[in-house]
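Me: I am new to this structure and would like a friendly tour. Could you show it to me before we start?

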Amino acid sequence: MDVPVPPSGLDSLSRQVRRELELLDYPRRPWVTPRKSRSGATIYDVIIVGGGQSGLTTAFGLSRERVGSVLVVDQNELDHAGPWLNFARMRTLRTPKYLTGPDLGVPSLTPRAYYEAQFGDGSWEALGLIPKELWARYLAWYRVTLGIPVEPETRVGAVEWDEAERCFVVPCEGRAGPRSLLARRVVLATGIDGSGEWRVPAAVKDALPEHLYSHTRDAIDFEALRGRRVAVLGAGASAFDNAATALEHGAAEVRLLFRRQKLVNVNAYRWAEFVGFLKHHADLPDAEKWRFILQILRMGQLPPADTLARAQQQPGFFLHAGSGFQSLRAREDAVEIVTSSGVITADFVIVATGFVTDLAARPELARVEQHIARWADRYEPPAEEQSEDLLRHPYLGPGFEFTERSPGEAPYLNYLYNYTFGGLLSMGFGGASISGLKYSAARLVSGITRSLFVEDSAAHYQSLRTFEEAEFQ
Ligand SMILES: Cc1cc2nc3c(=O)[nH]c(=O)nc-3n(C[C@H](O)[C@H](O)[C@H](O)COP(=O)(O)OP(=O)(O)OC[C@H]3O[C@@H](n4cnc5c(N)ncnc54)[C@H](O)[C@@H]3O)c2cc1C
């Protein structure tokens, strides 16, 4: 569903943004001393990997705090970061339209201001949920209006610390070929799967040839599913989005299989949208952090009401509760799925089981992950509160920085920030959810500015001692 772009009130809104930032511009003095390597190469203050909502908001936050040399790098085409224009198959955002976040408190930067500038007074009230394409366009307008430097179509490889230069070496593969950038601080804003990977369960991968299944993260040829029987494994929002999309492309039937006896219909994320949790989960003692997040995950994922309706209104849609898949086998060119409530036969399987947390799966961390502390290294949950995935979550410091598994082995990890969904247990909702952006981005930016100031405190003290600006002659 493409949203027409009316003649723009956006130009004047962009001017208003700049005016408001000018009004808010204090303190003004740049304070991070630019650095060069011994060979004269630029050392950025901060490189942000990931040009989605998290990366852009962080860059904006840093620019407001006068951190001057910041670069955002993203592997996708410009303004195509994240799921929105790639593999998201919903029509609208799943979260309510009134969530703010990237604006960091600047009213004219909010999604509402952006919408009303285009569609006029009263349009916002008439809007239900924000179409996903419009959210992607809002982020593009945000980038342009704030002049955030984004390098697109550039993939970041294994980050490494250079002790001699006291900075990270960030290998990049882009249109200009391979090269290395240098940065004092690196933020991984690599998305919801940024601390692991979208993973096809072994039960599927080991049993089926690749042409018989896809993960919801993949580019799926829905046209090729016309007239075929499709099985979807999982009952989160993406499961229903993909089921509906397959039926809208003419699939003969879609059977959605899930383990629980009935669909989850209470959204723990809605519960979480209050100041206390969003701003201060990170301040809780470990045992409390653990039980809050475990409870949220145990409450389960659910489709938003309109997503459920979109699938259920299609004649060929079938829900199979209490039908977790146990094993699968390929028979000729079909798939037999043995579930806890019988056998289902399909021509194609869509795996909607999400992602796993596994830092060892991250290319950016290949050279350092063995030194990174996980929750398993710091906390032993009571028997009734076990969760393998949560034990693999990184054990982050108060500003989203990684911490060392063995103190002293890799102190530079304090200069590497995890701003992905993997920060959920340590920090609560971070960037990989619009709900968490408002408070988490501010906490991350504050963690980075604190770290830069503390590292340079001797130089700042020296600048104080030599400060001679006369108040009067
Ligand atoms: C299908 C789907 C729907 C969602 N719907 C909602 C919703 O409605 N509301 C909500 O609040 N949340 C939603 N989320 C959760 C979350 O808000 C999104 O995942 C959002 O995209 C997170 O923003 P981000 O900036 O953290 O990550 P992303 O938008 O994913 O951006 C990260 C970027 O980093 C890039 N990247 C990763 N690794 C590298 C590398 N090594 N080198 C260079 N670039 C790299 C990625 O390609 C990506 O472009 C949804 C998630 C998914 C998957």
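Reply: Here are some questions and answers on strands, helices, cysteines and two single residues. This is a predicted model, in which local features need pLDDT of at least 70 and side-chain atom pairs count only at pLDDT 80 or more, while totals for chains, interfaces and linings use all residues. Residues are numbered from 1 along each chain as its sequence is written, and side-chain values use heavy atoms, with hydrogens and water left out.

Me: Is strand 2 largely enclosed or largely open?

Reply: Helices (H or I, at least four residues) and strands (E, at least two) are DSSP runs, numbered from the N terminus. Buried means under 20% relative accessible area, exposed over 50%, and partly exposed in between, with a 1.4 Å probe and protein chains only. In strand 2 (residues 42–49), 6 of the 8 residues are buried, so the rest of the structure leaves this strand largely enclosed.

Me: Which residue of strand 8 stands opposite Ile43?

Reply: Two strands pair if DSSP finds at least two bridges between them. Strand 2 pairs with strand 8 (residues 177–188) in the parallel sense over 6 bridges. In that pairing, the residue opposite Ile43 is Leu182.

Me: And which residue of strand 3 is opposite Ile47?

Reply: Strand 3 (residues 70–73) also pairs with strand 2, in the parallel sense and over 4 bridges. Opposite Ile47 stands Leu71.

Me: Which residue takes a positive phi in the hairpin of strand 1 and strand 2?

Reply: Strand 1 (residues 35–36) runs antiparallel to strand 2, and 2 bridges join them. Here Arg35 stands opposite Ile43. The hairpin has 5 residues between the strands, and the residue with a positive phi near 90 degrees is Gly40.

Me: How are helix 3 and helix 5 oriented to each other?

Reply: Axes are lines fitted to C-alpha atoms, for helices over the stretch in contact, and angles run from 0 to 180 degrees between N-to-C directions. The axes of helix 3 (residues 111–119) and helix 5 (residues 132–146) come within 11 Å and cross at roughly 100 degrees. Angles under 35 degrees count as roughly parallel, over 145 as roughly antiparallel, 65 to 115 as roughly perpendicular and the rest as oblique. Helix 3 and helix 5 are therefore roughly perpendicular.

Me: Why is Cys172 not bonded to Cys167?

Reply: A disulfide is a pair of cysteine sulfur atoms within 2.5 Å. By this rule the count comes to 0 disulfides. The cysteine sulfur closest to that of Cys172 is in Cys167, and the gap is too far for a bond because it is 13 Å.

Me: Is Cys167 buried or exposed?

Reply: Cys167 touches Trp161, a residue that also touches Phe168 and Tyr412, among others; contact here means heavy atoms within 4.5 Å. Trp161 lies in strand 6 (residues 160–162) and has a relative accessible area of 14%, so Trp161 is buried. Cys167 has a relative accessible area of 0%, so Cys167 is buried.

Me: Which strands are the edge strands of the open sheet in the order 14-15-16?

Reply: This sheet has 3 strands with antiparallel pairing. Within the sheet, strand 14 and strand 15 (residues 334–339) pair over 6 bridges. Each edge strand pairs on one side only, and these are strand 14 (325–331) and strand 16 (342–346).

Me: Is Gln261 buried or exposed?

Reply: Gln261 lies in the loop between strand 12 (253–257) and helix 8 (268–271). Not counting residues up to four places away in sequence, Gln261 touches Ala321 and Gly322. The relative accessible area of Gln261 is 65%, so this residue is exposed.
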